Amino acid sequence: MRETTLTRTTKETDISLTLNLDGEGKSDISTGIGFFDHMLTAFALHGGFDLTLQVKGDLQVDCHHTIEDTGIVLGKAFAQILGGNSGIARFGSFFIPMDEALASCHLDISGRPFLVFDAAFDTPSCGGFDCCMAEEFFRAFAMNGGITLHLAVPYGKNDHHKIEALFKACAHALRLAVLPKGGGVLSTKGVL
Ligand SMILES: [Mn+2]
């Protein structure tokens, strides 16, 4: 089964995560930030991943460490489960419209971490989630997952819709990229 459990404890956050790539989209998520729980619940459901996540972060400071460190652990979980990225589709692309907003995600589970993030927000936050943390979350996820990740919101007005569409687009692109393909690594180099 393509599943792992990770824990990570620092002076800023205490994180426990279990991820199953071949799940049914079930989740049990508690980060202390309601909007972030909403995003990660959507991520699990749309990716078809089972995700159990408990985060105790220093929210008395702000939401930064809690969100960034969750991205780190989620990225590490993908990297650990996929090993050398052998036998998977590797690439995934998806567009998600959400009312007036459109988000796109194009990714390559390449072992070459990179983030392109082309989205702008009009308000400082959605609930307790600072909108600037969307980029920080996806950067931490890409860096620790070894994923080339391109995210964009070409248009849209409502920041809740824009961010939610980004999480859903990323989830669907990942669902496609981790599909078992058989064979070895999809690279002329023979290794990623
Ligand atoms: Mn929503």
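**Exercise 1.** Take the manganese ion: how are its donor residues spaced in sequence?

*Solution.* Start with the pattern: the donor residues of the manganese ion follow H-x121-H-x3-E. Next, put names to the letters: His38 (NE2), His160 (NE2) and Glu164 (OE) are the protein donors, sitting 2.0 to 2.2 Å from the ion. Donors here are N, O and S atoms within 2.8 Å of the metal (3.2 Å for Na, K and Ca), and water is not among the atoms, so sites may look incomplete.

Before going on, note that this is a predicted model, where local features need pLDDT of at least 70, side-chain atom pairs count only at pLDDT 80 or more, and totals for chains, interfaces and linings use all residues. Numbering runs from 1 along each chain as its sequence is written, and side-chain values use heavy atoms, with hydrogens and water left out.

**Exercise 2.** Work out how many helices and strands the protein chain has, and in what pattern.

*Solution.* Count DSSP runs, numbered from the N terminus: helices are H or I, at least four residues, and strands are E, at least two. That gives four helices and 10 strands. Now read along the sequence: β-β-β-α-β-α-β-β-β-β-β-α-β-α.

**Exercise 3.** Are His38 and His160 buried, exposed or partly exposed?

*Solution.* Set the cut-offs: buried is under 20% relative accessible area, exposed over 50%, partly exposed in between (1.4 Å probe, protein chains only). His38 has 34%, so His38 is partly exposed. His160 has 29%, so His160 is partly exposed too. For the chain overall, buried residues make up 52% of the 192 residues.
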